[in-house]
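Trainee: I'd like to learn how to read the empty spaces in a model and the place where a ligand sits. Can you walk me through one?

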Amino acid sequence: MQFSVSRTTAPKAKPDWDKLGFGAIFTDHMLIVDYTEGRGWHDGRIVPYVGLSLDPAACVLHYGVEIFEGMKAYAAPDGRILLFRPDANARRLNSSGARLCIPEFPVEDFIAGIKQLVALDEAWVPRQPETSLYIRPFIIATEPHLGVSRSKTFQFIVICSPVGAYYPEGLDPVGIFVEDEFVRAVKGGTGYIKCGGNYAASLAAQYKAKQLGYSQVLWLDGAEHKYIDEVGTMNVMFKLRGKVVTPELSGSILPGITRDSVIKLLKSWDYPVEERKISLEEVLQAAKDGGLEEAFGVGTAAVISPIGHFNIMGADYTVGDGGIGPLSQKIYDALTAIQWGRAEDKFGWTVRVL
Ligand code: COI
């Protein structure tokens, strides 16, 4: 696929690079590709960042037919601009699409289009430590039709946002509220895909946790409220009695790319790591007897987010000594060194843009 380029004639002022926050500032350009049933994906174009024009009856506005990805471009100290495992994002986008009757977007066009967009907006890739260009590819169903049926038209869009830390706490451990009322997803539902609806369904619990003084929620499985699924918008890992354990891909949790990368990193260190069911009871017991050594969320946006304490059924339990665990720190350092091109990439995960 070829992407036509229409450059902005009014470049925006660059932000204060020391105060980026997360997801509030957008670059000069965006990528759009249209889909029409019978014709496939067509008219790939990079255009100035602008509001969308949608028919008020577009499927996405009524039935939430939308999927997205989250990935980043990193500025290496030697001037290279790197993407991290973009093929994995492209494949996951297509697996999300299959669940919501959204047509596949070709993996090679996904990578080529994003490379071209990031190269054009290269001046927006922040150079400050721990900052990156967050890339948000998404697909929306655009057919104006109020009947609940598969849309015949879609748009694939990519926008980019220079970002700092996802949580204002950065790598400082956060407090987590174990959610026992709302659930995020059930097996057979959409928990394993990245669709906007999953995040909409998480908001009330997140708000409740915030009001109670916690940063995020720990999600339990939707069927029995017994096993751990995810934390906030991330996969979750525990260091329990000398081993890293993380919930298995049960059908209700997202197959995180950071999750997969952390598991591969740990295995390369011969560190014991298990993907299995983890009951809240097991974590509670370990928290009580000192076996809960570390806990952290893993995701593209925050990379590693250490958990300092949990509220479980009204009681507060500290993880380890409440600080950043040594293993959490080691994983963060190793993964970010690869992502930012400071260390050799033995896994072949990084893809050069420039
Ligand atoms: C990520 O960690 O990449 C996420 O999915 C968070 C995003 C919803 C902001």
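Mentor: Let's go through the ligand site, then the pocket around it, and then the cavities. Keep in mind that this is a predicted model.

Trainee: Fine. Which residues surround the ligand?

Mentor: Start with the shell, meaning residues with a heavy atom within 4 Å of the molecule. Here the shell holds Phe22, Tyr134, Arg136, Tyr166, Lys194, Tyr199, Thr233, Gly299, Thr300 and Ala301. Sorted by class, that shell has five nonpolar, three polar and two charged residues.

Trainee: And which polar side-chain atom lies 2.5 Å from an oxygen atom of the ligand?

Mentor: For polar contacts, look for N or O pairs within 3.5 Å. Lys194 supplies that one: a polar atom of its side chain is 2.5 Å from a ligand oxygen. The backbone joins in too. Thr300 has a backbone N or O atom 3.2 Å from an oxygen atom of the ligand, and for Ala301 the corresponding distance, again from a backbone N or O atom to a ligand oxygen, is 3.0 Å.

Trainee: How much of the ligand does the protein bury?

Mentor: On its own the ligand would expose 290 Å², and the protein buries 90% of that.

Trainee: Now the spaces. What does rolling a probe over the atoms show?

Mentor: A probe the size of a water molecule, rolled over the atoms, reveals where empty space remains. In this model the largest pocket contains about 510 Å³ of space. Its lining counts 30 residues, and the closest to the pocket centre are Tyr166, Lys194, Tyr199, Thr233 and Ala301. The ligand sits in this largest pocket.

Trainee: Which elements give two or more residues to the lining of that largest pocket?

Mentor: Strand E7 (132-141), helix H5 (203-211), helix H6 and strand E15 (292-299) do. H5 has the largest share, with three residues. By class, the pocket lining comes out as 14 nonpolar, 11 polar and five charged.

Trainee: And how many cavities of 30 Å³ or more does the structure hold?

Mentor: A cavity is a space where the probe fits but cannot get out. The structure has two that reach 30 Å³ or more. The largest has a volume of about 80 Å³, and its lining is made of Gly70, Met71, Lys72, Tyr74, Phe84, Asn89, Ile257, Thr258, Thr300 and Gln339. Strand E5 (71-75) and helix H6 (257-268) each give two or more residues to that lining, with E5 giving the most, three. Four of the lining residues are nonpolar, five polar and one charged.

Trainee: What lines the second largest cavity?

Mentor: Arg184, Asn198, Tyr199, Ser202, Glu230, Gly232 and Thr233 line it. The volume of this second largest cavity is about 40 Å³. Its lining has one nonpolar, four polar and two charged residues. Tyr199 and Thr233 in that lining also belong to the ligand shell.

Conventions: Residues numbered from 1 in each chain as written. Predicted model: local features only at pLDDT ≥ 70, side-chain atom pairs only at ≥ 80, totals over all residues. Heavy atoms only, no water. Polar contact = N/O pair within 3.5 Å; in protein donor to acceptor, adjacent residues only side chain to side chain. Areas by Shrake-Rupley, 256 points an atom, 1.4 Å probe, with all protein chains shown as cover. 1 Å grid on protein atoms, 1.4 Å probe; cavity = no way out; pocket = protein on both sides within 12 Å on 5 of 7 lines; lining within 4 Å. Sits in = over half its atoms within 2 Å of the grid points. Nonpolar A, V, L, I, M, F, W, Y, C, P; charged D, E, K, R; others polar. Points joined across faces, edges and corners; volume = space filled by probe spheres on them. Helix = DSSP H or I, 4+ residues; strand = E, 2+ residues; numbered from the N terminus.
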